[in-house]
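Subject: Structure handover

Hello,

Here is the structure I said I would pass on. My notes follow below it, grouped by region.

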Amino acid sequence: MSVSPDQDIFSELELAYKPDNIYFQIITALLQAAELLNLPRQLKLILAQPKNELMVHFPVRMDDGTTRLFKGYRIQHNNVLGPYKGGIRYHQDIGLDHVKALAAIMTAKNALVRLPFGGAKGAVKVDPRRMSSDELMRLTRRFTSAMGNNIGPDYDIPAPDVGTNAQIMAWVADTFMNLHEPNRRIEGLRVVTGKPIEFGGSHGRDKATGQGLVYVLEEMLPEMGFDISRVTFSLVGYGNVGSWTGRLLTQRGAKMKAVMDHTGAVRDDRGLDAAMLHAHVMKTGGVAGFSGGEKMDTQSFYSTPVDLFIPAALEQMITPENAAWLQCKVVVEAANAPTTPLAEDYLLKKGIAVLPAILCNAGGVTVSYFEWKQNRQAEQWDADFVDQQLQKQMVAAAHRVKAMARKFTCDMRTASYCAALEYIGQVYSLRGIFP
Ligand code: NAD
């Protein structure tokens, strides 16, 4: 994948290309795949901009009696395959282009796994760690009411992402249900996925992203010369995705040598205990101070020799600077867009493979789809059945990516976007452009 932009499409849309902007980075990668597939120009134009961009400002009463005004977003990138679907993030460093980029990634991810969903993403610019539980509840309810009928069980279905969790999803569902007529209230339950099991959630949703990543690795690693039960790895981020990835990979026998999060980094060359580290993070809020490992600085963390380097925190964390420190054989993207295009270029030239996010972390939205389906059918699947179905979907997606990589002799990111866009292209050509 090259890093040069499709200036022709951007200038027609009057968009001033900025190489460091994550939205342009993601759209450039999508457009390059579209070019390789020879997709029609109108499809490139459609995919280069989201269908709808909602921005809301809403007041929330704080515990001390003051009122603060918050900014929220819901970006609906594309719905040719079905209702919009994508998480809601609570984070202080979020802006419009960032949410647009994440929504476009969701369109590609859902298409790659062949889920009947389009792509969307939402966010509130807030640091949830500085809010009490009551403040978070009022913020969530007010944001849900501000989004109004722009979300809905067959129209746009949010889910958890960074800074949000099952409790927050329960507040979204309860608010939506209360805002609708009593005879349609139960439909409102499936306006959101990632809910607690007692309130319409699915078994296996909590671990789904990590579990899906393990299924992808089981499929991809043997051909790359690795045995999953013997690999070593390091992880950035030990939240939902990172900690489940750590726990599930070590259960398969892999060795977790180092972990870094926003509080610091810890190491143990003999292998960190993933479950104990998770318990420590639950208690203290971060990996710093973990007694089962040794503290380390950022550069030493990135330079730790491992087979797999797994970013599971935020976007754009692997830059050309720290990519030069990496001593790994494969970068496994558990987070969305963690590798900048320049860093990826550098890694590929150095012979380090990059397994892209839309394949590796698609397990989360896949089990979200199962949850939505269970809600529609008023059923609850057992945990083993969820795992079996998830494995089937992830293995099929991995096969699609491998087939595209062979067809175009290209890197895995290009191959995964091609596998997604080929399907979207087929549906557009069947449906045509209305009217
Ligand atoms: P989370 O909020 O549970 O965890 C985020 C982690 O990132 C935390 O461990 C935090 O300490 C770490 N982090 C934040 N800033 C950091 C920094 N500057 N340096 C190092 N670490 C830092 O979020 P999550 O749900 O685990 O999501 C992680 C990534 O995975 C995001 O890119 C998200 O979009 C993606 N993702 C999540 C899901 C899901 O189901 N939760 C599904 C698909 C993709």
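On helix α9, the face turned away from the buried side carries the exposed residues M282 and K283. This is a predicted model, and that applies to everything below. The helix covers residues 274-284, and its buried residues are A274, L277, H278, H280 and V281. These five span an arc of only 160 degrees around the axis, so they sit on the same side of α9. The spacing is in line with the general rule: an α-helix has 3.6 residues a turn, so residues three or four places apart point the same way. What do the buried residues of α9 pack against? Their partners are α8 (240-251) and β8 (255-261).

Both ends of α9 have a feature to look at. At the N-terminal end, D273 acts as the cap, with a side-chain oxygen 3.1 Å from the backbone nitrogen of A275. Just after the helix comes G285, whose phi is positive, at about 95 degrees.

Ligand site

The ligand is surrounded by 23 residues. The closest of them are D161, T209, Y238, V241 and H262. Three polar approaches to oxygen atoms of the ligand can be listed:

- R89: an N or O atom in the side chain is 3.1 Å from a ligand oxygen.
- G163: a polar backbone atom is 3.3 Å from a ligand oxygen.
- R205: a polar side-chain atom is 3.4 Å from a ligand oxygen.

On its own the ligand has 820 Å² of accessible area, and the protein covers 84% of that.

Cysteines

How many disulfides does the model have? The count is zero. A disulfide is a covalent bond between the sulfur atoms of two cysteines. For the count used here, the two sulfur atoms have to be within 2.5 Å. The cysteine sulfur closest to that of C328 belongs to C360, and the separation is 13 Å, so the pair is too far apart for a bond. Starting from C360 gives the matching result: its closest cysteine sulfur is in C328, at 13 Å, again too far. As for their surroundings, C328 is buried, with a relative accessible area of 8%. C360 is also buried, at 0% relative accessibility.

Two strand residues

N52 is in strand β1, which runs over residues 52-61. Is N52 buried, exposed or partly exposed? N52 is partly exposed, because its relative accessible area is 30%, and the partly exposed class lies between 20% and 50%. Apart from neighbours within four places in sequence, N52 is in contact with R74, I75, Q76, Y84 and Y155. With one of these, Y84, the contact is also polar: the side chains of N52 and Y84 meet at 3.5 Å. For orientation, N52 and G82 are 30 residues apart in sequence, and their C-alpha atoms are 15 Å apart in space.

S234 is in strand β7, residues 232-236. S234 counts as buried, with 0% relative accessibility. Which residues does S234 touch, leaving aside neighbours within four places in sequence? They are A258, F301, V306, L308, F309 and I310. One of these, A258, falls within β8 (255-261), the strand already named as a packing partner of α9.

Backbone points to check

Two residues other than glycine have a positive phi. E14 has a phi near 55 degrees and lies in the loop between α1 (7-12) and α2 (22-36). E14 is exposed, with a relative accessible area of 73%. T409 has a positive phi of about 45 degrees and is not a glycine. Its place is the loop between α15 (383-408) and α16. T409 is exposed as well, at 74% relative accessible area.

There is also a cis peptide bond, from F434 to P435, with omega near 5 degrees. P435 is in the segment after α16 (412-431).

That is the end of the notes.

Regards

How values were computed:
Residues are numbered from 1 along each chain as its sequence is written. This is a predicted model: local features need pLDDT of at least 70, side-chain atom pairs count only at pLDDT 80 or more; totals for chains, interfaces and linings use all residues. Side-chain values use heavy atoms; hydrogens and water are left out. Buried means under 20% relative accessible area, exposed over 50%, partly exposed in between (1.4 Å probe, protein chains only). Helices (H or I, at least four residues) and strands (E, at least two) are DSSP runs, numbered from the N terminus. Contact means heavy atoms within 4.5 Å. A polar contact is a pair of N or O atoms within 3.5 Å; within protein, one must be able to donate a hydrogen and the other to accept it, and residues adjacent in sequence count only if both atoms are side-chain atoms. The arc is that of the directions from the helix axis to the C-beta atoms. A residue is near a molecule or strand if one of its heavy atoms lies within 4 Å of it. Accessible areas come from the Shrake-Rupley method with a 1.4 Å probe; for residues, only the protein chains shown count as cover.
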